[in-house]
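Thank you all for making time this morning. I would like to walk you through one model, and I will start with a question about a single residue before we turn to the fold around it.

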Amino acid sequence: MPETTVTAGKRLRAAIEAERLLPIVGTVNAYCAMLARAAGHRALYLSGAGVANASYGYPDLGITCLDDVLEDARRITGACDLPLLVDIDTGWGSPFTIGRAVREMTRAGAAAVHIEDQVAPKRCGHRANKSLVTAAVMADRVKAAVDARPDASFVIMARTDALAGEGIEAAIERACRYVEAGADAIFAEAVTDLPQYRRIANAVKVPLLANITEFGRTPLFTAEELAGAGVRMALYPLTAFRAMSKVAELVYETILHAGTQRDLLGMMQSREDLYRILNYREYEERLDRLGKEGGNDEQ
């Protein structure tokens, strides 16, 4: 790959460097990615739970596979040029499968993946009864991911779920071992206070990500609080999806019981705003020009 090529991985790395704390927002489909870009965001996230929940109607219990996640990743990168971080859970199998996942995600236009140290099938990081592989096994997962990437700028992020079950010292020890194995960044899951983030950040010496998911173990710390604790990225994996789902519930109930959606118009995106995000008018004008230039060949 030529040195002058600005890859997705390079764009993500540049965004991390440019921001004191980079927000990375979850997008469950291509249109959400376009909305995030229009709002001014610089980085996107595709959650494994989001793929399972929104695209397949499954819980986040390792039921979806690489191809399922790839399909959603391709749709997002095809519609939006912001760098995309993708959740690949435990890597779906052996080191060879992990390597394939990294190569396929690179081809799909993703900027980064994160891989975790849970036993497969994994559980949501904010649920009980998580089981972890040994640090050595996880280090091998990281090495397999690093060795497989065709683009050196592609970001390999290692997630550790050790804090909840093994404590802060074990979490730090694991995170440092994953960095030694080649991880470019660390994702510390289910952290409960800012001093813990500070300790991890000081130990790992690579960019640290905080998962600020709602209704979990981690308090909803502000960007300023996280940056002050040494965190470089804040993840909001399902924030928009949860809000969209709550509104959808209200819409469906209102139509059923009120027999009209008139009282809901104020919470809807207008047709004009939809067209603006999609650049609809430009498509329409091009279609009109093609019609004029090509004439009407239909009989």
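Does N279 count as buried, exposed or partly exposed, and at what relative accessibility? Please bear in mind, as you look, that this is a predicted model. N279 has a relative accessibility of 38%, and since buried means under 20% and exposed means over 50%, N279 counts as partly exposed. You will find N279 in the loop between α12, residues 271–278, and α13, residues 280–294. I picked N279 for its backbone, because most residues other than glycine have a negative phi. N279 is not a glycine, and yet its phi is positive, at about 60°.

There is a second residue of this kind to look at, F215, which is also not a glycine and has a positive phi, near 65°. F215 sits in the loop that runs between β7, residues 208–211, and α10, residues 223–228, and F215 counts as exposed because its relative accessibility is 78%.

Let me now turn to the barrel. Eight strands close into it, in the order β1-β2-β3-β4-β5-β6-β7-β8, with parallel pairing, and the twist from one strand to the next averages 25°. To take one pair, β3, residues 84–87, and β4, residues 112–116, are joined in the parallel sense over three bridges, and here D87 stands opposite H114 in β4. Helix α4, residues 66–79, packs on the sheet, where it touches β2 and β3, and its direction makes about 170° with that of β3. Helix α9, residues 194–204, also packs on the sheet, touching β6 and β7, and in this case the angle with the direction of β7 is about 155°.

My last stop is helix α11, residues 239–258, which has 20 residues and reaches 28 Å from its first C-alpha to its last, close to the 28 Å expected at 1.5 Å a residue. Three residues to mark in α11 are F241, V251 and T254, which are buried. These residues cover an arc of only 155° around the axis, which means that they lie on the same side of α11. What do the buried residues of α11 pack against? They pack against α3, residues 48–56, whereas K246, Y252, L256 and H257, on the other side of α11, are exposed. Just after α11 comes G259, with a positive phi of about 75°.

Definitions and conventions. Residues numbered from 1 in each chain as written. Predicted model: local features only at pLDDT ≥ 70, side-chain atom pairs only at ≥ 80, totals over all residues. Heavy atoms only, no water. Helix = DSSP H or I, 4+ residues; strand = E, 2+ residues; numbered from the N terminus. Expected span 1.5 Å × (residues − 1). Buried < 20%, exposed > 50% of the residue type's maximum accessible area, 1.4 Å probe, protein only. Arc of directions from axis to C-beta. Contact = heavy atoms within 4.5 Å. Pairing = 2+ DSSP bridges. Axes fitted to C-alpha atoms, helices over the stretch in contact; angles between N-to-C directions.
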